[in-house]
Amino acid sequence: MKQTTRPPDHFRAHVGNGAATAAPPPVPARARRRPASPQWAAWAFLAPVTLYLVLFYAYPLYRNLDLSLRNYTVRSFVQGNAPFTGIENYRTVFDDPTFAPALLHTALFTAVCLVFQYAIGLALAVFFTQHFRLSATLRALFLVPWLLPLIVSASTWSWMLNSDSGVVNAALHALGIAPVNWLTSPSWSLTSVIIANIWIGVPFNLVVLHSGLQSIPASLHEAAALDGAGAWQRFWRITFPLLRPVSAITLLLGLIYTLKVFDIIWIMTKGGPADSSTTFATWSYQLGFGNLLPAFGPGAAVGNLLVVAALVFGLVYLKVQRKQALS
């Protein structure tokens, strides 16, 4: 009797519609392995950013906190054996007679600069939404204060506000107004640095708010104009409410920047005269580097107060944004 052998599975013929088709060969075990997890690629892309944040943000913050909790001198700063003092440096800062004026100056400097920078920037942004012949050129010229190095801007304002040879006093003299000791008078020194910082910060507000205005549909203004709404009503009822998210981030970034302003104040007045323009930023520098016997601990404590203030406002912003997203 003839014996038939059964062909392998992948040589079997499957009959369908009168035609025979060969079965596909089995897939090897190695080919059935799952592809590599995309998480490794994600971590590879995140690694440089994470390393940058750790080296230039997390570690400096840790070192600054460590400085504020220990009694560092020049010798212990080099040798690294400073004794732990807890919150003693913060008590020293709070008991210092400079604390209250510096807190007041920081609050005034930040609040006045934010209000005027935002108001002037918004007015210019609305003005430049009207497309006219030289709008792009003028908008580019307004960016010059923002592009200049701070040392150049501060030095320019120091020259302009000089009591003897400044162009501002020369203009006042031409108008019959008595000259003002802008940089050497305790009554005017803080005002002088506020004016300079407003001039420097307006372009940033202009750029961001102008971008926000471009995202508002023009059809809304056209519909409101057809309904009889005036220019002020269209701005207050349409433009300003729709610009709130952009305004919030603009004010938050401006707040963080203004809290830490040091270059302008130090170059123009060095916090004087008689601490009349001292803020937390300049006071922290004076404590840590402005004396023959530096007080590293109290200086770091003042810097940490600025960090906490910026963190608080940042958390408030996030909470407000979350409420708006849920509503």
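Biologist: Setting aside neighbours within four places in sequence, which residues is phenylalanine 109 in contact with?

Modeller: Quick heads-up: this is a predicted model, where local features need pLDDT of at least 70 and side-chain atom pairs count only at pLDDT 80 or more, while totals for chains, interfaces and linings use all residues. Residues are numbered from 1 along each chain as its sequence is written, and side-chain values use heavy atoms, leaving out hydrogens and water. Contact means heavy atoms within 4.5 Å. By that rule, the partners of phenylalanine 109 are Val193, Ile194, Asn197, Thr258, Val261 and Ile265.

Biologist: Which residues have the most contacts inside the largest nonpolar core?

Modeller: A nonpolar core joins buried (under 20% relative accessible area) Ala, Val, Leu, Ile, Met, Phe, Trp, Tyr and Cys residues through side-chain atoms within 4.5 Å. The largest one here has 31 residues. Top of the list for contacts inside this core are Phe109 and Met268.

Biologist: And which helix gives this core its largest share?

Modeller: Helices here are DSSP runs (H or I, at least four residues) numbered from the N terminus. H4 (99-128), H7 (150-160), H9 and H13 (263-268) each supply at least two residues of the core. With 10 residues, the largest share comes from H9.

Biologist: How many residues are in the second, separate core?

Modeller: Look for Tyr90, Leu255, Leu259 and Ala310, which are among its members. The count for this separate core is 15.

Biologist: Let's move to the pockets. Which residues are closest to the centre of the largest pocket?

Modeller: A pocket is an open set of points on a 1 Å grid where a 1.4 Å probe fits, with protein on both sides within 12 Å along at least five of seven lines, and lining residues have an atom within 4 Å of a point. The largest pocket holds about 620 Å³ of space, as filled by probe spheres set on the points. Its lining has 26 residues, and the closest to the centre are Asn64, Ser284, Gly303, Asn304 and Val307.

Biologist: Which helix provides the largest share of that lining?

Modeller: H1 (38-68), H12 (244-259), H14 (280-289) and H15 (296-326) are the elements that give two or more residues to the lining. The largest share, eight residues, comes from H15.

Biologist: What about the second largest pocket: which residues lie nearest its centre?

Modeller: This pocket holds about 470 Å³ of space. Of its 13 lining residues, those nearest the centre are Val126, Thr129, Gln130, His221 and Thr239.

Definitions and conventions. Buried means under 20% relative accessible area, exposed over 50%, partly exposed in between (1.4 Å probe, protein chains only).
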